[in-house]
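Thanks for asking me to look this one over. My notes follow as numbered points, and I hope they are useful beside your own reading.

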Amino acid sequence: MGADTVFAQLRRISPDVEAEVQRLMPLLDDAEGWSDRELRWRDERDALLLFAKIAGLGRSDFSEVRLWERTAARASFISGLAGTEVQLMLDDVRGHTATRFSGIGETVVKAFASSRGNRSYDFEATSITHQSVVDGREGSLDAYYYHVDTRTLVTLRYVRPGPNGLLSLDAWHSLDEFHSGVDRLPRRDRRSTDAFSLLDDPLFLRIHEPEPFTAALHRTSSGAIYPYDQVAAAFSAVASKPGLPGPPLGELTRHLVPTHFAQLVRDGWLGAGGVPFEAALDWVEATIDTAGVALMVVDFSLRQRGNGSGIRTRA
């Protein structure tokens, strides 16, 4: 059966089931005719679930996503969540993102922490939407994950290919403008232009596949995650061939699936390490100026990192 048939049969059971189906429908991705704001909601939800996995949540922990209220959501997805509102504090990492960008548009900040004694997860999510996007300008999303203990930064830009399966030049120009506007973090020397380093490089592109996203709330959507340098090389190749609107997705072959990406970031094998928090916020500011919408997830959990960055050698 298709999803429409299943839901039609569920609605006949009782008014209570009808109301529950209506509440859950916006969380599913089978509907057509999504508005620009709803597509950003979907990307923001996807990034939040992905980063929540990195922060240590299991599939049964994040009940707040199931409690999402569409009518309460304004410019951002997390404004419709039942997470704890953060009380902003001066000179502290918690709430600092919202403090720095308050007044720039709509800013929402919420905290999520394990209720169990072992504190298996503890993170804060802040969504910043530029006022022009709140007012209806089309925007795109950059999602940031920052691990406080190891000062690890990972950035995902969400990109949707056009109906022809190509990445648009407009999307590339916006990304290139963003990348040239941020303070470049230290990066290792490359042996060749094909040596895409995934360590010490925070920027990745999240490119959605044309098929519908998964409806399972504990999973992230379909698609692939590509290092920025690979996409930049593909656009450079297209630039040398006049008449092509953009590179086909088939030329982007060096990618990670979301589950592997989450595992590698969690274990410390991906992302730029040793990044000061203020430098990470400089990147967020560049996102707001170019893409319009930023989601910043700050992870306060303490854990060993697979590449040794979290192993303390001195007392």
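1. A definition to begin with: two strands count as paired if DSSP finds at least two bridges between them. With that in hand, take one residue of strand β4, A143, whose bridge partner in β8 is L295. In β5, the partner of A143 is L156. Please keep in mind throughout that this is a predicted model.

2. Now the overall picture. The protein chain has 315 residues, of which 48% count as buried. Its secondary structure comprises 10 helices and 8 strands. If we take contacts between residues at least 6 apart in sequence, 72% of them join residues at least 24 apart.

3. Back to β4, which spans residues 140–147 and is mostly covered, with 7 of its 8 residues buried. How many bridges join β4 to β8, and in which sense do the two strands run? There are 8 bridges, and the strands run parallel; β8 itself covers residues 292–299. With β5 (residues 152–159), β4 forms 6 bridges, and here the strands run antiparallel.

4. The link between β4 and β5 deserves a look of its own. These two strands make a hairpin with 4 residues between them. R151 sits in that loop, and its phi is near 55°, a positive value in a residue other than glycine. Is R151 buried, exposed or partly exposed? Its relative accessibility is 38%, so R151 counts as partly exposed, given that the partly exposed class lies between 20% and 50%.

5. A second antiparallel pairing joins β6 (residues 203–207) and β7, over 4 bridges. One of the partnerships links F204 to P227 in β7. In a regular strand, side chains alternate between the two faces of the sheet. Strand β7 (residues 224–227) can be read residue by residue: A224 and Y226 point one way, I225 and P227 point the other way, and all are buried.

6. Helix α10 (residues 277–290) makes a neat geometry check. At 1.5 Å a residue its 14 residues should span 20 Å, and the end C-alpha atoms are 20 Å apart, which agrees. Because 10 of those 14 residues are buried, α10 is largely enclosed by the rest of the structure. Among the buried residues are F277, L281, W283, V284 and I288. After the helix comes G292, with a positive phi near 105°.

7. What does α10 pack against? Two packed helices are described by the angle between their axes and the distance between the axes. For α7 (residues 169–181) and α10, the axes come within 9 Å and cross at roughly 145°. The crossing is right-handed. On the α7 side the contact involves S174, E177 and F178, which meet W283, A286, T287 and T290 of α10. The residues of this contact divide into 3 nonpolar, 3 polar and 1 charged. W283, A286, T287 and T290 also appear in the list of buried residues of α10.

8. Finally, a look at the loop between α9 (258–266) and α10, where G271 is found. Is G271 buried or exposed? Its relative accessible area is 3%, so G271 is buried, the limit for that class being under 20%. The C-alpha atoms of G271 and L203 are separated by 7.8 Å, although the two residues are 68 residues apart along the chain. L203 belongs to the span of β6, residues 203–207.

Notes. Residues numbered from 1 in each chain as written. Predicted model: local features only at pLDDT ≥ 70, side-chain atom pairs only at ≥ 80, totals over all residues. Heavy atoms only, no water. Buried < 20%, exposed > 50% of the residue type's maximum accessible area, 1.4 Å probe, protein only. Expected span 1.5 Å × (residues − 1). Axes fitted to C-alpha atoms, helices over the stretch in contact; angles between N-to-C directions. Left-handed = near helix turned anticlockwise from the far one by under 90°. Contact = heavy atoms within 4.5 Å. Nonpolar A, V, L, I, M, F, W, Y, C, P; charged D, E, K, R; others polar.
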